[in-house]
Structures are given as structure tokens and as C-alpha cells.
Amino acid sequence: MRIIVTKNYEEMSRKAANLIAAQVMMKPDSVLGLATGSSPIGAYKLLVEGYKKGDLDFSDITSINLDEYVGLPADHNQSYAYFMRENLFNHVNIKMENVFLPNGMESDETKECERYDEVIRSHGPIDLQLLGLGENGHIGFNEPDSFFADGTHKVSLTESTINANSRLFNSIDEVPTFAYSMGVGSIMRAKQILLIASGKKKADALCKALFGPVTPEVPASALQFHHDVTIIADEAAYALIAKR
Ligand code: GLP
């Protein structure tokens with residue numbers, strides 16, 4: 001596991017964007033596992049700049065996103081499909097037929113989970129999986145649990161996640177309570193993993209994930225068993241580790 005500590009969010013974003021850009025340049029038909037949330041926004045912005053300058057070409061890239069809220073249509077401004085279009089897809093030359101997310105409007109959970117696992121199987125393996133980190137140690141929407149989920153599953157979101165994500169909705173009552181998420185197993189099958197974390201709210205989860213026991217109670221702790229993980233964390237997120 002490589003750990004890169006940066007001064008702040010901007011430097012974290014720059015370094016993360018550089019690693020993703022290198023992947024896109026070195027393997028133009030890469031399969032990227034992409035993430036949503038505040039953490040990757042800065043990196044996506046820099047990738048868009050790289051594309052606009054003519055340094056990056058996404059025309060053969062496939063992207064498979066981690067998760068989606070159940071019950072939000074793709075055009076809802078808080079859906080992850082909308083987030084990805086706004087922050088990346090609409091601004092680069094990725095082909096929309098090569099872009100995959102769970103369908104939050106599919107009410108048949110078994111059907112949707114099987115469909116998404118087949119997407120991952122048929123297009124994978126994922127070359128580079130980008131991850132944020134939940135304040136409770138979640139990755140994707142794999143919440144603390146008594147086991148590590150292997151494939152795509154429907155998750156009942158925890159109070160802590162609903163609270164953390166409510167900042168993006170008009171009121172907490174609008175935050176969906178369920179999501180579809182890629183499993184920890186699928187994440188672990190990616191060839192390379194890049195986890196980014198910024199801010200003191202992530203410090204406890206990051207410390208437990210990297211140096212605590214490997215347990216499904218801290219889903220990100222599974223990464224300790226992956227052979228090619230890079231963590232880019234800013235000083236605030238790294239603070240508790242630095243103090244150990
Ligand atoms: C959400 C997403 C995760 C994300 C996490 C952290 O719940 N499902 O994929 O990594 O929250 O989000 P943020 O980067 O906004 O702190």
C-alpha cells in the first residue's frame with residue numbers, strides 16, 4: 001500500500017488526477033471504476049482540463065460507477081448519474097454507451113443486481129478503481145456490516161451516511177434510504193485501487209481502515225488485503241495516523 005499525504009484538498013486532487021490521467025494515457029481503453037461525492041470533484045475538474053488541452057482522450061474509456069441511490073431517476077439533480085454527467089462525462093469525449101451506473105429506478109432488486117454484476121463481469125476487470133471514504137468507513141455504499149458483500153446489492157443506508165449526505169438535499173427527508181452498490185468483492189477484483197480522503201471528518205475512518213483490524217464493520221479495511229492500493233490523503237484526513 002502506498003500512502004501519499006498532501007497539504008490540502010487541491011494537492012490531493014492534483015495527484016489523484018495525475019494518476020488517473022496516466023492510466024488513461026498508458027491504456028487508452030482502460031476500464032475506470034468511478035466514484036461520486038465531494039472527494040473526486042477536484043480531480044474530475046482537472047481531468048476535464050486535461051481533455052480540453054488535448055492531453056487526454058476518453059473515446060475508448062469505459063467507466064463503471066460504484067453506486068446509485070434507489071428511487072432517484074437519472075435526471076434527478078442528486079442522482080449519481082446526474083453527478084457524473086455534470087462533473088465529468090458531459091465535458092470529455094467518453095461515449096455514453098461506455099458509461100455504466102446502477103439503475104436506481106429498477107424496483108426489482110435481484111434483476112438490477114444481476115444486471116450490474118454482468119456489466120462488471122463483461123467489461124471488467126476494472127483497471128483503476130477510484131474510491132472516496134465514508135465517515136463510517138464505507139466504500140461505494142458498502143455500509144458497516146457483519147460480512148463483506150461480494151457483488152452488487154441493495155443497501156439500507158445508515159443514519160450516519162444519510163446525515164452526511166443530507167447536506168446536498170433540500171431536507172434530510174429527501175435523502176433516499178436505500179442504494180444499489182457494487183460489492184466489496186467487485187472493488188477488490190480491480191487491478192489497482194486509488195482511495196482519496198480529505199478533511200478531519202475522515203481521519204477516524206482512515207486510521208481504522210488502514211491500521212485497524214480488517215473487519216466488515218469498517219468496509220474500507222478490506223483494502224489492506226489488496227496488492228495494489230494507493231491512498232492519497234490530505235494532512236487533515238491523515239492527522240490521527242500521523243499521531244499514532
Ligand atoms: C457517499 C458515496 C461514496 C463516497 C462517500 C464520501 O456516500 N456513496 O462513494 O465515497 O459518500 O463522500 P464525500 O466524498 O462527499 O465525503
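The following exchange examines how several terms apply to this predicted model.

User: Why is Met1 called partly exposed?

Analyst: Met1 has a relative accessible area of 47%. Buried means under 20% and exposed means over 50%, so Met1, at 47%, is partly exposed. Met1 is found in the segment before strand E1 (2–6).

User: What makes Met1, Ile3, Val5 and Phe211 a nonpolar surface patch?

Analyst: A patch takes residues with over 30% relative accessible area and no salt bridge, and nonpolar side chains are joined within 5 Å. Met1, at 47%, is over that 30% cut-off. With Ile3, Val5 and Phe211, Met1 makes a patch of about 320 Å².

User: Why is His91 called partly exposed?

Analyst: The relative accessibility of His91 is 30%. Since partly exposed covers the range between under 20% and over 50%, the 30% of His91 places that residue in this class. His91 lies in the loop between helix H3 (80–87) and strand E5 (99–100). Beyond four places in sequence, His91 touches Val48, Tyr51, Lys52, Arg85 and Glu86.

User: How do you know that Gln192 is partly exposed rather than buried?

Analyst: Gln192 has a relative accessible area of 25%. Buried means under 20%, so Gln192, at 25%, is not buried but partly exposed. Gln192 lies in strand E9 (residues 192–197).

User: What makes the pair Gln192 and Gln23 a polar contact?

Analyst: The side chains of Gln192 and Gln23 are joined at 3.1 Å. A polar contact needs N or O atoms within 3.5 Å, one able to donate a hydrogen and the other to accept it; the 3.1 Å of this pair therefore satisfies the distance cut-off. Gln23 is also among the residues that Gln192 touches, along with Asp127, Leu128, Gln129, His226 and Asp228.

User: Why is Leu47 counted in the largest nonpolar core?

Analyst: A nonpolar core is a set of buried residues of listed nonpolar types, Leu included, joined through side-chain atoms within 4.5 Å. Leu47 belongs to the core of 71 residues, so Leu47 is buried, that is, under 20% relative accessible area. Leu47, Ile64, Leu88, Leu195 and Leu206 touch the most other members. Helix H1 (residues 9–26) gives the most to this core, with 6 residues. Contacts of Leu47 beyond four places in sequence include Ala17, Ile20, Ala21 and Leu88. In soluble globular proteins, nonpolar side chains tend to be buried together.

User: What makes the peptide bond from Gly124 to Pro125 cis?

Analyst: The omega of this bond is near 0 degrees. Pro125 lies in the loop between helix H4 (109–123) and strand E6 (128–131).

Conventions
Residues are numbered from 1 along each chain as its sequence is written. This is a predicted model: local features need pLDDT of at least 70, side-chain atom pairs count only at pLDDT 80 or more; totals for chains, interfaces and linings use all residues. Side-chain values use heavy atoms; hydrogens and water are left out. Patches are made of residues with over 30% relative accessible area and no salt bridge: like charges are joined within 9 Å, nonpolar side chains (Val, Leu, Ile, Met, Phe, Trp, Tyr) within 5 Å. Accessible areas come from the Shrake-Rupley method with a 1.4 Å probe; for residues, only the protein chains shown count as cover. A salt bridge is a side-chain nitrogen of Lys or Arg within 4 Å of a carboxyl oxygen of Asp or Glu. Helices (H or I, at least four residues) and strands (E, at least two) are DSSP runs, numbered from the N terminus. Buried means under 20% relative accessible area, exposed over 50%, partly exposed in between (1.4 Å probe, protein chains only). Contact means heavy atoms within 4.5 Å.
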